[in-house]
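Colleague: Please take a close look at one part of this model, beginning with a single pair of residues that face each other. I should then like to see how that part is set within the rest of the chain.

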Amino acid sequence: MNRQVVFRVDASVEMGLGHLTRCLTLADALAGRGIRSCFLMRSHAARLVDMVEGAGHAVRLLADPALPSPETGDDALAHAHWLPTTRQHDAEQTCSALIAIGAAEWLIVDHYGLDIRWERACRREGLRILVIDDLADRDHDCEMLLDQNLVAHMETRYHDRVPATCVQLLGPSYALLRPEFATQRALLGPRSGKIGRILVCLGGSDPTNETAKALTAIASLAMPQLAVDVVIGTTNPNAASVEALCRQMPNVALHRGANNVAELMRQADLSIGAGGVMSLERCCLSLPVVAVDIAANQVPSLTMLARLGALIHLGSAAAVTVQDIAAGIASLGADASLMRKLGDVAGELVDGEGRERVCAAMDALPAL
């Protein structure tokens with residue numbers, strides 16, 4: 001019997017690529033169990049179809065309205081603007097797509113602009129719903145909820161947000177990391193605590209160009225012996241200026257749309273980065289971090305990771321200066337013991353096997 005799941009996820013410069021990336025990771029893991037995946041994305045994400053199809057998964061695009069009309073009013077969600085239409089219209093389009101796709105075991109939704117209203121509208125016989133969330137700011141109607149982040153009150157924050165029967169997969173042991181992170185973790189030797197190579201990676205889109213700020217900070221240290229790897233996404237709107245800055249600095253390599261980020265993390269001694277799924281990837285490879293948050297939803301996780309001693313959190317990117325970043329690097333460069341401790345704490349939190357735990361939990365849940 002052909003087994004199938006359907007993902008409802010979007011990506012854009014504002015949303016970043018993290019939601020799509022973790023869904024692709026889960027889809028790849030499910031494919032290893034003989035389960036096909038179809039991705040439903042709005043047509044504004046059409047440029048990413050090749051990325052999904054290249055991984056072996058099907059894609060259907062939901063047509064955007066000619067005149068975008070996101071929901072407004074008192075009952076609109078905080079991220080309503082992530083949809084160019086209403087939740088109800090999106091649900092109607094999704095239901096039509098589900099009919100065309102055929103029988104599916106799971107509808108997996110990873111979208112801050114969708115909630116219980118959408119989920120109830122998409123209900124159909126035999127279809128279980130898995131919600132991937134980070135915010136705990138809206139109600140859900142689902143059989144399973146996954147929040148892979150380490151945040152305060154992790155065990156209770158969805159208590160009144162999901163049905164009592166919902167299976168909750170909470171915390172970084174369920175982190176949806178690509179298998180290469182576990183592979184590179186196995187190759188990782190003891191970290192010396194010295195800084196010879198820095199990885200700069202501030203998300204796939206980085207619309208405010210925090211990458212340039214980090215590079216300027218590194219250049220100000222006048223340490224030409226440092227090797228620097230710079231990773232930016234294919235949707236980065238500042239790629240030309242970043243590339244020009246990289247050319248002006250010695251020992252700097254620019255990686256655009258890199259598919260070897262795990263290897264780059266293993267080779268680095270320190271990272272300048274943001275929050276999101278990349279925080280969990282860095283933990284898996286025991287990589288010390290000087291971090292800034294580039295979105296409000298990154299703050300709780302970065303705050304908790306800093307409290308545990310897994311990274312240095314400088315604060316909001318909008319308020320963090322070049323001098324702040326340079327001071328953070330210089331401080332860690334003078335304290336190899338702290339560097340080693342940051343890496344050790346981080347490495348204890350994430351082992352890289354979360355995707356298999358999620359698949360096993362999905363398999364264990366009885367069919368409706």
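Modeller: A suitable starting point is Val200, which stands opposite Val230 of strand E9. The model in which this pair is found is a predicted one. The strands concerned are E8, residues 197-201, and E9, residues 227-232, and five bridges join them in the parallel sense.

These two strands belong to an open sheet of six, ordered E10-E9-E8-E11-E12-E13 and paired in parallel. Its edges are formed by E10 (252-256) and E13 (312-316), each of which has a pairing partner on one side only. From one strand of this sheet to its neighbour the average turn is 15°, with direction ignored.

Helices pack on this sheet. Helix H7, residues 239-247, touches E9 and E10, and its direction makes about 160° with that of E10. Helix H10, residues 299-308, lies across E12 (289-293) and E13, running at about 150° to E12.

The residue Leu226 deserves separate attention. Leu226 is placed in the loop between helix H6 and strand E9. Is this loop residue buried or exposed? Leu226 counts as buried, because its relative accessibility is 2%, and the cut-off for that class is under 20%. The residues that Leu226 touches, leaving aside those up to four places away in sequence, are Ile195, Gly196, Ile198, Ile218, Pro250 and Asn251. One of these partners, Pro250, is 24 residues away along the chain, yet the C-alpha atoms of Leu226 and Pro250 are separated by 8.3 Å.

Helix H6 itself comprises residues 210-220 and contains Lys213. Lys213 has a relative accessibility of 17% and therefore also counts as buried. Beyond residues up to four places away in sequence, Lys213 is in contact with Ala317, Val320, Thr321, Val322 and Ile325.

The chain has another sheet to set beside this one. Seven strands form an open sheet in the order E3-E2-E1-E4-E5-E6-E7, again with parallel pairing. Strands E3 (58-62) and E7 (167-170) are its edges, each pairing on one side only. Here neighbouring strands are turned by 20° on average against each other, direction ignored. Within this sheet, E5 and E6 (residues 144-147) are paired in parallel over three bridges, and Ile132 stands opposite Leu146 of E6. Helix H13 lies across E1, E4, E5, E6 and E7, and runs at about 170° to E6.

H13 is also among the elements that cover the buried residues of helix H1; the others include strands E1 (3-9), E2 (35-42), E4 (106-110) and E5 (128-132), as well as helix H2 (49-54). H1 is mostly covered, with 11 of its 14 residues buried. Among the buried residues of H1 are His19, Arg22 and Cys23, together with Leu20, Leu24, Leu26 and Leu30. What length should a helix such as H1 (residues 18-31) span? At 1.5 Å a residue the expected span is 20 Å, and the end C-alpha atoms of H1 are 20 Å apart, so the two values agree.

Side chains are gathered into a nonpolar core. The largest such core holds 55 residues, and Leu107, Leu145, Leu177 and Met265 have the most contacts inside it. Helix H9 (residues 277-284) gives the largest share of this core, namely five residues. Leu107 touches Val6, Leu98, Trp118, Cys122, Leu127, Arg128, Ile129 and Leu130, again not counting residues up to four places away in sequence.

The chain as a whole provides the frame for these details. Its secondary structure amounts to 13 helices and 13 strands. The radius of gyration is 21 Å, close to the 21 Å that the globule rule gives for 368 residues, so the chain is as compact as a globular protein of that length. The C-alpha trace extends over about 60 × 45 × 40 Å along its principal axes. Of the 368 residues, 55% are buried. Considering contacts between residues at least 6 apart in sequence, 63% join residues at least 24 apart.

To return to the part requested, Val200 and Val230 face each other across E8 and E9, a parallel pair with five bridges, and H7 packs on the sheet where it touches E9 and E10.

Notes
Residues numbered from 1 in each chain as written. Predicted model: local features only at pLDDT ≥ 70, side-chain atom pairs only at ≥ 80, totals over all residues. Heavy atoms only, no water. Core = buried A, V, L, I, M, F, W, Y, C linked by side-chain atoms within 4.5 Å. Buried < 20%, exposed > 50% of the residue type's maximum accessible area, 1.4 Å probe, protein only. Helix = DSSP H or I, 4+ residues; strand = E, 2+ residues; numbered from the N terminus. Contact = heavy atoms within 4.5 Å. Expected span 1.5 Å × (residues − 1). Pairing = 2+ DSSP bridges. Axes fitted to C-alpha atoms, helices over the stretch in contact; angles between N-to-C directions. Rg over C-alpha atoms; globule rule 2.2 N^0.38 Å.
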